[in-house]
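Before the questions begin, please look through the two chains at your own pace. The questions and answers come after the view.

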Amino acid sequence: MVTTLKKRTVVICGGGFTAGLIARQLTAQNLDVLVLERGGDRADAAEAKLPSQRDELRWDARAGLAQDTAVQTYSLRHSRSEEALPIRRLAAFLPGEGIGGAANHWNGQTWRWAEYDPIMRTRLETRYGKNAIPAEMTIQDWGVTYAELEPYHALWEKLFGIAGKAGNLRGKIQPGGNPFEAPRQDEYPQPALPPTEAGLIFTSAAESLGYKPFPMAAANSPAAYANPDGMRLGQCQFCGHCERFICEAKAKASPEVLLYPMLLKRPSFELRTQAHVLGVDYDRDAKRVRGVRYLDLMTGEAYEQPADIVVLASFVMSNTKYLLMAGIGEPYDPQTGAGNVGRNFCHQTMSGLNVFFKDRWLNPFLASGASQTCIDEFNEDNFDHGGLGFFGGGYIYSNVTSGRPIGHRLLPPGTPSWGTKWKQANADWYAHSFNIYVHGSWYPHRENYLDLDPTYRDAYDQPLLRMTFDIRDNELRMSEYVTKKAEEIAKACGATIVSPPTPRKGPYDVRVYQTTHVTGGTIMGADPATSVVSPHLQSWDAENLFVVGASVYPFNAGYNPTGPLGALALRLGDDLISYTQRPRHL
Amino acid sequence: MSNEVDIRLGRRGFLKGVAVAAANPLDRKLLLASGGLTAASAAQPTAALGAGANEPALAAPEAGYESLSPDEAGFVEAMVNVMCPADHLTPSGVDCGLAAYIDRQLAGGYGKGERLYMRGPWRQAKPQLGYQLPLTPEQFFKAGIAAADDAAKKKFSKGFAALKDDIADGFLHDLAAGKVTDARVPLASWFNDLVYPLFTEACFADPIYGGNVGKVFWKMIGYPGLPATHARDMTEFRGKPYPAAQQPKSIVDFS
């Protein structure tokens, strides 16, 4: 028995980061918005209050804020010739659940991507020649330029109170900032966070090698802050409980702090929690969607929710799965290269090494999720790739985000795994070590893609999304090269011990956390033949359907994905205002 | 703002916690016994160190096991005492609550397969695809104990719990290296992917879970624990020893 509800103007699937930003734009014009979120409200729960917030076992080791794998997971095979098996416990990346989604448990590391990122294919072909990009690297332009997105970047950074130091103001390089930064119109809304001891050591080492270190831009507020909407952030306490945690001080800019409390007061906004979207109703002949079906988890009843406009704003994986299940657009076929839904699935290429100092106090517990110092010389196309045999790169940084003791103890190479020597090494080095890391790009490969698993099903009796996915030669070579650069910095730190570098190796391992930055599956582009959504994030196959999230990135940069997502979501909000006035292909 | 209230409460709680710890003779004794002054302990006289091996520095953990049988408990106790021997850094693994922690995890949601996708079909594949057995972690843990104990009996003519410490230690290293095998139970993966993470959690998780009794491991490394409201500390103690790391506070101190 399915009840059909009253038609709504805009229905958004998923109550996370992008949904909140879109709804901010729409409801400011008093447009009717309904958000359907599978999880609940965590704002007053144990995960958001002291002392239970500071429970590393519950929220970090057991991933208590992430999607429940028993209900919904994904399957993986490394190649088409293998049989995929379900990921029985998610660990490599951690989708969120509840109001705010994964943006509740982020670290706060904030980047605008490089100015050339939206035109990456054009850039590489111009710089290295038409034939330089290997055939299997299906990298492509976004169909929108950085300049078009800049005002939305600026607005989003003000809304989220981002703290940083500009490196490029209107084309003029600024001392102390990132010289490779895309040009900004204004300084960051808040000054950069203070560096950690690790950041100071990293700065000296990087400068001695001629690099230009700078503070990472952060969503961890250095002071009490009120945004243009009058929403407030508290002051960051450098407690080291950001990633995988909700900030009990409300100092980490997140949707459940800055967006939803405001939206819930707006008359044209409605949020339904514990509402799990089962699918999108597609009218293939009309090339439109009618609405969505969802299950009310509180009553067990299913509903049809008609809508003028549907926005898919759930996690990367779910956005792709909804399109595949509804048959919207052609599923990608790696054999022929035809079809687009599911292609260009990417992750983040992480690697690094550890440095140990007998006489220096690193105090890793005095840190926030983004109080880090970086260099950008070896990211993406900031350096010449001529003759290197790969494209892409990453930023290198002093990676101290926390001293949580289950997961953040570094031990010198050769330390036994238990016993008195193991304990002694923990006692000797815990407060005297840090990690130098590479946050590397992941470019698309013809054989890396998503489709529906033919065998395994979730708790709603729907197929799991299947990842056919592995780390390929381009990323292996990139990681080898940039990790060596990290090692050079490590050796210039004056450390007592430098551990051997660990560039990324295959095969892709579901047991190891590698950031929650998976991308692709519903990629954007100017050409319907090679993209799922237009540069305005409008489906090519259903005029009143829009998709937003990292699923629209045609590749994953060496930068964290949140900044451009904020810009894209705010711009989509404005596009939808225009669309409601005059429905059309934008 | 509500967060400011939280922080102020935290500060008061923190001060109160310090007073309690100082007044608690067990805590003081432990601090000495463990040389708990951590990495700073390089400068400590070593005479006080080593006392931990002979003195019952900690209150005994709650007696009794929820999940483990007497034989299984014997295996786990012997194992944590080998992996965490009583020495100048901590009391023995059992006295640190490590066996109690493992038992409670196995008896609770984690052990029963909470958040674990448990639908078939079941197939085995390369390790990078993760855990693929139709056993809950509790069932797998117990199957591994039985198989490892059988292997010990075959090799040494006695069960694991009866082995001398150095022999037991070598046996555990062999388990980790995949040199102890069983026809049915994948013992290397059992030890490395299930047992070992539980061991490190037992040491370093908040003491509310039964391990890390008296915050002994936090003291050992110098992790200050809660409330971690470090807005000023972050610059004030940058590059310097952090005094409160010697007397860490846990969730219990603020509950």
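What follows is a set of questions and answers on chain B, the sheets of chain A and the nonpolar core.

This is a predicted model, in which local features need pLDDT of at least 70, side-chain atom pairs count only at pLDDT 80 or more, and totals for chains, interfaces and linings use all residues. Residues are numbered from 1 along each chain as its sequence is written, while chains are lettered from A and ligands numbered from 1 in the order in which they are written.

Q: How many helices and how many strands does chain B have?
A: Helices (H or I, at least four residues) and strands (E, at least two) are taken as DSSP runs, numbered from the N terminus. Read along the sequence, chain B gives the pattern α-α-α-α-α-α-α-α-α. The count for chain B is therefore 9 helices and 0 strands.

Q: What percentage of the residues in chain B is buried?
A: A residue is called buried if 20 or more other C-beta atoms lie within 10 Å of its own, exposed if 12 or fewer, and partly exposed in between, with C-beta atoms placed from the backbone. Chain B has 255 residues, and the buried share of them is 46%.

Q: Why is α3(B) described as largely enclosed by the rest of the structure?
A: Helix α3 of chain B covers residues 70-83 and reaches 20 Å from its first C-alpha to its last, close to the 20 Å expected at 1.5 Å a residue (the expected span being 1.5 Å times one less than the number of residues). The cover over its buried residues includes α4 (98-107), α5 (137-156), α6 (165-176) and α7 (187-204) of chain B. Helix α3(B) is largely enclosed because the buried residues number 11 of the 14.

Q: How many residues of chain B are in contact with chain A?
A: Two residues are in contact if their C-beta atoms, placed from the backbone, lie within 7 Å. On the side of chain B that touches chain A, α1 (2-23), α6, α7, α8 (216-221) and α9 (233-236) of chain B each supply at least two residues. With 65 residues of chain A taking part, the number from chain B is 62.

Q: Which strands are at the edges of the sheet β9-β18-β19-β20-β17-β23 of chain A?
A: This open sheet of 6 strands has antiparallel pairing, where two strands pair if DSSP finds at least two bridges between them. Strand β17 (residues 349-356) of chain A is joined to β23(A) by 2 bridges, and A:Val355 has A:Val498 as its bridge partner in β23(A). Helix α10 (residues 473-491) of chain A packs on the sheet, and its direction makes about 20° with that of β17(A) (axes are lines fitted to C-alpha atoms, for helices over the stretch in contact, and angles run from 0 to 180 degrees between N-to-C directions). Pairing on one side only, the edge strands are β9 (214-215) and β23 (497-498) of chain A.

Q: Do β4 and β22 of chain A pair in the parallel or the antiparallel sense?
A: Both strands belong to an open sheet of 4 strands in the order β5-β4-β22-β21 (chain A), with mixed pairing. In β22(A), A:Arg77 has A:Thr468 as its bridge partner, and A:Tyr74 has A:Leu465. Over 4 bridges, strand β4 (residues 74-77) and strand β22 (residues 463-468) of chain A pair in the sense called parallel.

Q: Which residue takes a positive phi in the hairpin of β21(A) and β22(A)?
A: The two strands run antiparallel and are joined by 5 bridges, with A:Leu450 standing opposite A:Met467 in β22(A). Strand β22(A) is largely enclosed by the rest of the structure, because 5 of its 6 residues are buried. The hairpin has 5 residues between the strands, and the one with a positive phi near 60° is A:Asp461.

Q: Which element gives the largest share of the largest nonpolar core?
A: A nonpolar core is a set of buried Ala, Val, Leu, Ile, Met, Phe, Trp, Tyr and Cys residues joined through C-beta atoms within 7 Å. The largest has 245 residues, and B:Leu98 is among those with the most contacts inside it. Leaving aside neighbours within four places in sequence, the contacts of B:Leu98 include B:Val80, B:Phe199 and B:Ala202. The largest share of this core is 9 residues, and it comes from α7(B).
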